[in-house]
Amino acid sequence: KQWYQRRVRGQQEELEHVIVCGRALLTTSLDGLSVLWDLENGSIRLQITSETVPWSVALSLTGVLLSHGDGSVNVIRARDHHVKTFQISDSGITFTRFISNWNALFVCEDGGMSLVEVEKGSVTATTRVYPGSQISYDDGLVAVCGGFTIVKVYECNLLTVHRVFQFGQCLSTIHLSDSVLLGADNFALIYLSPLTPHSDVEELESSGGVVRKLCAAAGHVIALCDNGAVLIWDRAYHHIPQQLDVIALDIAILGSRYLLILVSESVLLWSLSDSVCVDEIELSKHRTYFQIVSDGDRALVISASSDIVPLKLTALH
């Protein structure tokens, strides 16, 4: 298992958004500068300066979306860096996600949710959700929770309701992946429901306290708690979680079978199928790290000083 590390210097101002897709990395900073990087050599592909910091961003192999607080969107084509701007709403755009090559989902501060063909700037479907809703997207579905006990899952092609879930408590976080909907409340309970019709909502109890982050992969549910505990449930066998002997700062799924765990000075690679740590990647002891971001078999570790360390495991396939 071969890893490489290389430092990519971010902007001088504090980073607001960091996302990765394929060989590309998009960062935005609080001075309004957005930079598209090449992860293979650390070079800058494109720089975009905005008068305001984008509220939400999206990156795909076909382009970049920068969504702003005035309801406008910058669309940058990857092949020629052509920039087009159009208006979606009079309200700020809080969530942006590519659904397919040139179709994207936008959720606005006032609760408007729209599916837009971004190369033309035309709206193909709209609906309304509760303003300030939590949003989670995965594989053509989007889950929306307005801060109460009901979560609606929409099919993104027409924004029709796929399923409606009723949970026992108000949810503090939701997550959609691996064909399951996950939710957590402020009382150390995790709710799980497969997306299949008429499936029941199951309850998992977090022994690590209040859940800060949820994810799912390879038939497992993973929770990061506010005290740094990492809990892993195997959905096929039992509801007693495995608690890892770590104090984690962040977690992320790598590929479809691995969990990355960021601790103070290293990143652990945990195999979900084998329930074992298969590698540890040491980081610089002179920086404070707080976030890990992944896409496919690529991952980035971000420090408090806006340094970005790309990690790649070439033997994942």
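Author: Two strands are said to pair if DSSP finds at least two bridges between them; strands (E, at least two residues) and helices (H or I, at least four) are themselves DSSP runs, numbered from the N terminus. The structure is a predicted model, in which local features need pLDDT of at least 70 and side-chain atom pairs count only at pLDDT 80 or more, while totals for chains, interfaces and linings use all residues. Residues are numbered from 1 along each chain as its sequence is written, and side-chain values use heavy atoms, with hydrogens and water left out.

Reader: How many bridges pair strand 19 with strand 20, and in which sense?

Author: Strand 19 and strand 20 (residues 180-184) are antiparallel and share 5 bridges. Within this pairing, Ile-174 has Gly-183 of strand 20 as its bridge partner. The hairpin that they form has 2 residues between the strands, and Asp-178 takes a positive phi near 55 degrees there.

Reader: Which way do the residues of strand 19 point?

Author: In a regular strand the side chains alternate between the two faces of the sheet. In this case Thr-173, His-175 and Ser-177 point one way from strand 19, and Ile-174 and Leu-176 the other way.

Reader: Are the residues of strand 19 buried or exposed?

Author: Buried means under 20% relative accessible area, exposed over 50%, and partly exposed in between (1.4 Å probe, protein chains only). For strand 19 (residues 173-177), 5 of the 5 residues are buried, so the strand is largely enclosed by the rest of the structure. Gly-183, which is found in strand 20, is also buried, with a relative accessible area of 0%. From Gly-183 to Thr-288 the C-alpha atoms are 30 Å apart in space, and the two residues are 105 apart in sequence. Asp-234, placed in strand 25 (residues 230-234), counts as buried at 18% relative accessibility. A distance of 8.9 Å separates the C-alpha atoms of Asp-234 and Ala-218, which lie 16 residues apart along the chain.

Reader: What is the order of strands in the open sheet that contains strand 7?

Author: That open sheet has 4 strands in the order 7-8-9-10, with antiparallel pairing. Strand 7 (56-59) and strand 10 (83-87) are its edge strands, each pairing on one side only. Neighbouring strands are turned by 15 degrees against each other on average, direction ignored; axes are lines fitted to C-alpha atoms (for helices over the stretch in contact), and angles run from 0 to 180 degrees between N-to-C directions. Strand 7 is joined to strand 8 (residues 63-67) by 4 bridges, the two running antiparallel. Val-57 has Leu-66 in strand 8 as its bridge partner.

Reader: Which strands stand at the edges of the sheet with the order 27-28-29-30?

Author: This open sheet of 4 strands is also described by antiparallel pairing. Strand 27 (250-254) and strand 30 (276-282) stand at its edges with a single partner strand each, so one side of each is left without a neighbour in the sheet. The average turn between neighbouring strands of this sheet is 25 degrees, direction ignored. Strand 28 (residues 258-262) and strand 29 (residues 266-271) run antiparallel and are joined by 5 bridges. Leu-260 stands opposite Leu-269 in strand 29.

Reader: How many aromatic pairs does a search of the whole structure find?

Author: A pair of aromatic rings is described by the distance of the centres and the angle of the planes. Rings of Phe, Tyr and Trp (its six-membered ring) pair if their centres lie within 6.5 Å; planes under 30 degrees apart count as stacked, over 60 as edge-to-face and the rest as tilted. The search finds 4 aromatic pairs. One of them is the edge-to-face pair of Tyr-130 and Phe-148, at 5.2 Å centre to centre and 80 degrees between the planes. This pair links distant parts of the chain, 18 residues apart: Tyr-130 is in the loop between strand 14 (122-128) and strand 15 (134-138), and Phe-148 in the loop between strand 16 (141-145) and strand 17. Tyr-130 is partly exposed at 48% relative accessible area, and Phe-148 is partly exposed at 45%. Phe-167 and Tyr-191 form another edge-to-face pair, with 5.5 Å centre to centre and 65 degrees between the planes. Both Phe-167 and Tyr-191 are buried, and together with Phe-165 they form one aromatic cluster.
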